[in-house]
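Me: I've got a two-part puzzle to look at and I'd like the reasoning behind the labels. Can we go through it step by step?

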Amino acid sequence: MVESGFYHALKVDEDKCFGCIHCMNVCPTAAIRILKGVASIRPDWCVDCGECMRACPVDAIFVEQDDFDKIFQYKCRVALVPAVLIGQFPEKVTEAEIFSVMRELGFTHVFQTEHTTGVITRAMVEAARDAEEKPAISSFCPAIVRLVQIKFPSLLDQVLAIKPPIDASAVYFRKRLEDEGIPSEDIGIFYITPCAAKIAAVKSPVGEEKSPINGVINMKFIYNKIYKLIKSRNETSSISPGEMLPLLSPGAIKYSLTGGEASLMEGRCLAIDEIHNVIEFLEKLEHDEIEGVDFLELRACDQSCAGGVLVGGNRFLTTERLNKRAKRFEGVADIPADIKAYTHFMANNLDIGPLEPRSMMALDQDMGEAMRKMQQVRHLMCFLPGIDCAACGAPNCQSLAEDIVRREAQLSACVFIQRMMEKHSKLSGEHALKIIEKIWGKNRLDKDCKKKGAENESNMEL
Amino acid sequence: MKFKYEIEGGNFSKAGNASSAVKKILKQLNVPPAIIKKLVVALYEGEVNVVAHAWNGCIHVDIEADRIFVSIEDEGPGIPDIEQAMQEGYSTASQAVREMGFGAGMGLPNMKKNADYLNVKSEVGKGTTVEIITFLK
């Protein structure tokens with residue numbers, strides 16, 4: 001299959017997936033279809049938001065991540081830690097403790113992702129001031145940037161072309177280490193990610209040509225490792241001195257939470273989280289229904305990064321903890337002293353380059369052909385029942401009709417059309433079953449007492 | 001290809017639905033984003049005009065290979081002086097409508113700005129028809 005060069009972090013474990021429709025129903029871009037009894041994700045349509053992963057009842061959707069041992073390929077092993085990782089831990093665990101444990105795990109340096117938010121905010125305020133079209137849209141959330149590319153290409157010009165903290169900080173710390181005399185090829189920067197979209201952004205960056213980050217580590221994985229070590233230390237009460245880091249300002253600590261950017265920008269700023277909410281708002285924005293708004297902070301997850309799909313802890317508690325931590329650091333400067341010497345370097349390295357539209361909406365690239373296909377879709381919709389039951393393996397009747405026109409499905413995939421065809425003796429019952437097996441897998445309709453909710457559910461392998 | 005959408009007078013929570021539907025169609029037809037944006041802005045203004053002033057109305061959209069023809073027809077009070085209505089800032093919207101953020105008197109002028117061709121026909125006490133043409137090539 002042509003992957004159009006776009007890497008996706010979300011994958012389907014075909015052994016675990018038993019072919020239900022939870023993921024397909026929640027996908028905000030209708031990127032999922034069921035084929036041969038398992039979910040398949042259309043690479044061109046997926047924005048890596050992770051909604052499918054959240055919805056899956058059997059953990060069949062997973063993120064492809066770098067093997068932790070990959071860090072040891074580098075002499076200088078940098079962990080780039082976002083604040084939401086800290087927010088996972090109970091209050092009594094200090095930042096210093098967490099970072100010293102991370103060094104025990106093998107990292108030579110631990111840096112904080114939000115270290116550069118002060119510089120970014122300054123650049124964003126200026127860019128938003130100069131923006132021809134308002135509101136300016138933040139490029140913080142990679143899932144949102146991809147969403148705009150495929151679903152709202154007319155708004156692309158409004159996305160501020162400024163690096164989000166993850167990239168800006170990676171560029172900054174790499175430069176600083178190089179200036180300390182460490183060869184660039186010895187430096188491996190690993191981002192501890194709270195979400196799938198950031199993995200995809202690192203492997204296949206939009207705008208920039210190559211990511212400054214060498215690898216990504218699933219936050220759930222590292223959280224478990226850190227917590228285990230901290231616990232065992234407490235038991236033996238052998239707490240080693242922690243790694244001292246420059247302190248983050250309250251604004252930096254709260255930056256990845258909902259309102260984190262909007263509260264720092266000028267004018268009328270709105271913060272919208274959760275991808276369906278974002279889509280609803282962008283629909284309105286696209287026909288100028290929204291007036292007088294200067295800046296939009298848009299995040300794919302509910303409670304922003306605290307609600308990231310790889311964040312193990314409860315998103316509301318994480319938010320509360322970070323807000324409490326931020327209070328303790330009141331008075332800390334937005335721009336840490338060490339960045340000041342790099343003001344010029346940062347000013348030249350914050351641009352993300354042009355964002356290209358990747359519209360997946362069109363039925364055909366050629367307008368005339370697209371019109372012909374749309375006419376076909378409308379004709380097919382006269383026959384499809386409009387129940388949106390998803391038994392055909394597409395999320396709704398409209399999607400099935402469009403798939404048929406794209407020659408990716410057949411009308412007989414619809415179970416109601418099958419009934420009508422059987423009534424008119426155009427389809428045998430046996431053939432109808434074959435069609436269903438093609439979509440839902442062989443023997444899918446056989447009795448199975450181990451499935452969820454069935455008599456022997458507890459025997460299910462977990 | 002022809003499409004038709006009904007508009008309910010006075011129901012502001014639904015204003016924009018027809019524009020959204022048309023926008024989705026144009027995206028599927030691979031119409032350039034800049035053209036979509038202009039047409040949809042004009043269409044949305046027209047839709048809000050019907051909701052704000054008329055009793056009911058409907059939008060007809062006819063898409064051809066080289067142009068999109070839109071006609072927004074309503075049954076309503078009509079416009080006594082079209083020339084005046086075409087001036088920026090001129091508004092007859094009630095206070096209640098203005099409080100909802102509509103009725104700034106930019107409707108028709110904004111539609112004209114975003115359409116390649118605009119024609120307004122109106123009969124007082126009967127209704128108004130606004131025709132828009134957007135060229136695709």
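Reply: Sure. Two residues are in contact if their C-beta atoms, placed from the backbone, lie within 7 Å. Keep in mind that this is a predicted model.

Me: What makes chain A and chain B touch by that rule, and how many residues are in contact?

Reply: By that cut-off, 21 residues of chain A are in contact with 21 residues of chain B. On the chain A side, α11 (275-286) and α15 (367-381) are the elements giving two or more residues, and α15(A) gives the most, with 6. By class that side has 9 nonpolar, 6 polar and 6 charged residues.

Me: Why does the radius of gyration of chain B agree with a compact globule?

Reply: Because a compact globule of 137 residues would have a radius of gyration near 14 Å, and chain B has 14 Å, the two agree. Its C-alpha trace spans about 40 × 30 × 25 Å along the principal axes.

Me: And what share of chain B counts as buried?

Reply: Buried takes 20 or more other C-beta atoms within 10 Å of a residue's own; 39% of the 137 residues of chain B count as buried.

Me: What makes up the largest nonpolar core, and which residues have the most contacts inside it?

Reply: Buried nonpolar residues joined through C-beta atoms within 7 Å form a core, and the largest one has 156 residues, with A:Leu80 and A:Ala196 having the most contacts inside it. Helix α2 (residues 33-53) of chain B supplies the largest share, 11 residues. Leaving aside neighbours within four places in sequence, A:Ala196 is in contact with residues including A:Ala9, A:Met53 and A:Val309.

Definitions and conventions. Residues are numbered from 1 along each chain as its sequence is written. Chains are lettered from A and ligands numbered from 1 in the order in which they are written. This is a predicted model: local features need pLDDT of at least 70, side-chain atom pairs count only at pLDDT 80 or more; totals for chains, interfaces and linings use all residues. A residue is buried if 20 or more other C-beta atoms lie within 10 Å of its own, exposed if 12 or fewer, and partly exposed in between; C-beta atoms are placed from the backbone. Helices (H or I, at least four residues) and strands (E, at least two) are DSSP runs, numbered from the N terminus. Ala, Val, Leu, Ile, Met, Phe, Trp, Tyr, Cys and Pro count as nonpolar, Asp, Glu, Lys and Arg as charged, and the others, Gly among them, as polar. The radius of gyration is taken over C-alpha atoms; the globule rule is 2.2 Å times the number of residues to the power 0.38.
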